[in-house]
Amino acid sequence: MREDFMTLGRTAVIGGMVRDFARRGRGGFGSDVDLVIDATPEAVDSFARERQAERNRFGGYSLTTGSWKIDFWALRSTWGSRHGHASVDSLEDVTKCTFFDCDAVIYDLDARRVFCRDDYLDQIRCKVIEINLLPNPSINGNLIRAIRRMLLWDFEAGPRLTTFITDHLDEERFEQIALVDRELYSDALIARSATASNLKRLLLGREERRGLATFYATQLPLPGVWEPDNARDLKRKKPHQRYFGYTAPIAPALD
């Protein structure tokens with residue numbers, strides 16, 4: 001399948017897969033694969049039709065092959081490019097188009113090279129998550145992603161993300177995203193805070209967040225990085241995650 005995509009043009013993995021490798025190495029990935037292809041939208045459309053791929057919400061396509069779910073886009077069909085929020089002339093420019101800075105990384109399958117900002121790994125090591133491109137197609141979706149990543153990874157919000165959370169996380173939106181969180185994840189986290197005010201306090205207060213993460217890890221399946229406790233777990237494909245001194249079974253990673 002990799003070779004199929006590469007026949008269309010220069011192809012890169014973007015976001016979650018590369019990010020999770022950066023965070024925890026090879027064993028850290030458990031999500032979908034996102035690809036961007038330097039080909040015309042028409043060529044990618046034809047490729048998608050031939051393989052009966054389905055349209056996704058953001059102008060690309062989704063395809064399941066074996067145990068993998070792949071989302072893919074033509075370079076100029078990425079959301080930031082289509083809506084004029086970023087100039088996208090090459091695959092490297094796609095790093096300008098992600099909402100979160102931790103997703104602003106690509107792996108070029110042709111060149112076998114990673115492209116990102118010079119300080120990308122330093123930001124990951126410092127456990128800070130920040131906004132890379134503010135305009136976005138889903139305020140609620142990015143609030144949910146920010147909340148789950150901060151709680152489960154124990155990441156701090158940068159100044160722009162702090163403002164985004166403060167401006168948008170009111171009681172009405174809290175009810176909306178808590179409902180979506182319950183629908184999407186078996187380990188729904190948002191509703192446990194009861195109110196937007198409580199949730200803001202957790203997100204913007206490091207010690208409270210750490211205490212909550214430890215509490216969750218003792219009883220909830222956690223998304224994200226996993227490592228097998230032993231060969232039997234690996235053989236049975238029952239991933240586990242070590243988190244704040246505890247071991248918990250996990251759900252598929254947040255993408």
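This passage describes the nonpolar cores of a predicted model and two of the helices, helix 6 and helix 9.

In the predicted model, the largest nonpolar core comprises 48 residues, and those with the most contacts inside this core are F5, L35, F72, L161, L169, I190 and L203. Helix 6, which runs over residues 139–153, supplies the largest share of this core, namely 8 residues. Apart from this core lies another one, made up of 11 residues, among them I14, V36, L91 and V94.

Helix 6 is mostly covered, with 13 of its 15 residues buried. At 1.5 Å a residue, a helix of these 15 residues should span 21 Å, and because the end C-alpha atoms of helix 6 are 21 Å apart, the model agrees with that expectation. The N-terminal end of helix 6 is capped by S138, a side-chain oxygen of which lies 2.8 Å from the backbone nitrogen of G141. At the other end, helix 6 is followed by D154, a residue whose phi is positive, near 60°.

Helix 9, spanning residues 196–204, has A196, L199, L202 and L203 as buried residues. When helix 9 is seen down its axis, these buried residues fall within an arc of 125°, and they therefore line one face of the helix. Contacts of L169 involve residues of both helices: when residues up to four places away in sequence are not counted, L169 touches L143, F174, I177, A196, L199, K200 and L203. Of the residues in this contact list, L203 is, like L169 itself, one of those with the most contacts inside the largest nonpolar core.

Conventions: Residues numbered from 1 in each chain as written. Predicted model: local features only at pLDDT ≥ 70, side-chain atom pairs only at ≥ 80, totals over all residues. Heavy atoms only, no water. Buried < 20%, exposed > 50% of the residue type's maximum accessible area, 1.4 Å probe, protein only. Helix = DSSP H or I, 4+ residues; strand = E, 2+ residues; numbered from the N terminus. Arc of directions from axis to C-beta. Core = buried A, V, L, I, M, F, W, Y, C linked by side-chain atoms within 4.5 Å. Contact = heavy atoms within 4.5 Å. Expected span 1.5 Å × (residues − 1). Polar contact = N/O pair within 3.5 Å; in protein donor to acceptor, adjacent residues only side chain to side chain.
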